[in-house]
Structures are given as structure tokens and as C-alpha cells.
Amino acid sequence: MQHEHTEHVAATPDAVYGAIADISNLPRFVPQMTAVRSAGDGHVEVDARYGGHEQHGEASFAADDEQRRVQWSSPSGYHGWMKVDPDGDGSRLTLFLKTTHDAERDHDIAATLDAIRMLVEAQV
């Protein structure tokens, strides 16, 4: 399954990118994620709760400051990216996600973007 959504954020591209590139913010806008830690070498350890069960895993996470883009992937086939572009007096945040299963719904992806928008706009 592939999902792609875009949302306008009333904040500068640098502010939006700063929020999504900081891994400590991930649990604040990915509802299932309960904790994330750097594991070095472009990897993160992730704790999440799905269907009432705690899960632990590792994923790659890379941030490209020049492109204002972050990308991630996990061994389970879950991968995606987010990119920030200027949009009038704010920013355009695009999220792309590809999964090997049907668990993610478009509405969940849109809710994640909305949570990022609210987090960043509350800080400016």
C-alpha cells in the first residue's frame, strides 16, 4: 500500500523541518510510537503499541538538511519520507508512506500530518 498526503503548515520551512528531523519529536506525532532512541549509524530503536501490544524494533532514519527531507525504513518493509517546501508565507509538508500490509489507513496518515502541523504551529 502506498499513501501520500500534503498539508500546509503556518510556520517557516526551517521550523517544520527542525520538528520532523528531531527524532525525540516522533512519539509526539506518531500515535502508536511510545519512545524512540538513536542507535547510531543512522538507525533508531523504536517502542510502539499496536493493538494493545508493546513492540520494539529498529529502523533507519536519515535527515537531509539541504533538501529538508527525512526518510526511514524498517526491516518489515515499512518505509517512507517527509519533505518540507516553502508554500506562500508558510510551508508545505508532504508525507509518503509505503507498507507491505494494509494496517495504515489514509485517515491515519492525514492525522499524523495534522499532529505535526499542530505541534509546529504551537511553537511559533
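Is Asp 85 buried or exposed, and what is its relative accessible area? In this predicted model, Asp 85 is buried, because its relative accessible area of 18% falls under the 20% cut-off.

## Asp 85 and its salt bridge

Asp 85 forms a salt bridge with Lys 83, and the closest N and O atoms of the pair are 2.9 Å apart. The structure holds nine salt bridges. Strand β6 covers residues 79-87, and its pairing with β5 and β7 is described next.

## Strands β5, β6 and β7

Strand β5, residues 69-73, pairs with β6 in the antiparallel sense over five bridges. One of the contacts places Gln 71 opposite Trp 81 of β6 as its bridge partner. The hairpin of β5 and β6 has five residues between the strands, and Gly 77 there takes a positive phi near 100°.

On the pairing of β6 with β7, the two strands run antiparallel and are joined by nine bridges. Gly 80 has Leu 97 in β7 as its bridge partner. These strands also form a hairpin, with two residues between them. Gly 88, in the turn, has a positive phi of about 60°.

## Salt bridges in helix α3

Helix α3 spans residues 106-123. Asp 114 and Arg 117 both lie in this helix, three residues apart, which is about one turn. Their side chains meet in a salt bridge with an N to O distance of 2.5 Å. Asp 114 counts as partly exposed, at 26% relative accessibility.

Arg 117 also forms a salt bridge with Glu 121, with the closest N and O atoms 3.0 Å apart. Arg 117 and Glu 121 are separated by about one helical turn, because they are four residues apart in α3. Glu 121 is partly exposed, with a relative accessible area of 23%. Together with Glu 7, the residues Asp 114, Arg 117 and Glu 121 are linked in a network of salt bridges.

## The largest pocket

The largest pocket has a volume of about 820 Å³. Its lining consists of 32 residues, and those nearest the centre are Val 30, Met 33, Val 46, Tyr 50 and Tyr 78. The elements that give two or more residues to this lining are α2 (26-29), β3 (43-50), β4 (53-64), β7 (90-98) and α3 (106-123).

Strand β4 provides the largest share of the lining, seven residues. By residue class, the lining divides into 19 nonpolar, nine polar and four charged residues. Helix α3, which holds Asp 114 and Arg 117, and strand β7, which pairs with β6, are among the elements that contribute to the lining of this pocket.

Key:
Residues numbered from 1 in each chain as written. Predicted model: local features only at pLDDT ≥ 70, side-chain atom pairs only at ≥ 80, totals over all residues. Heavy atoms only, no water. 1 Å grid on protein atoms, 1.4 Å probe; cavity = no way out; pocket = protein on both sides within 12 Å on 5 of 7 lines; lining within 4 Å. Points joined across faces, edges and corners; volume = space filled by probe spheres on them. Nonpolar A, V, L, I, M, F, W, Y, C, P; charged D, E, K, R; others polar. Pairing = 2+ DSSP bridges. Salt bridge = Lys/Arg side-chain N within 4 Å of Asp/Glu carboxyl O. Buried < 20%, exposed > 50% of the residue type's maximum accessible area, 1.4 Å probe, protein only.
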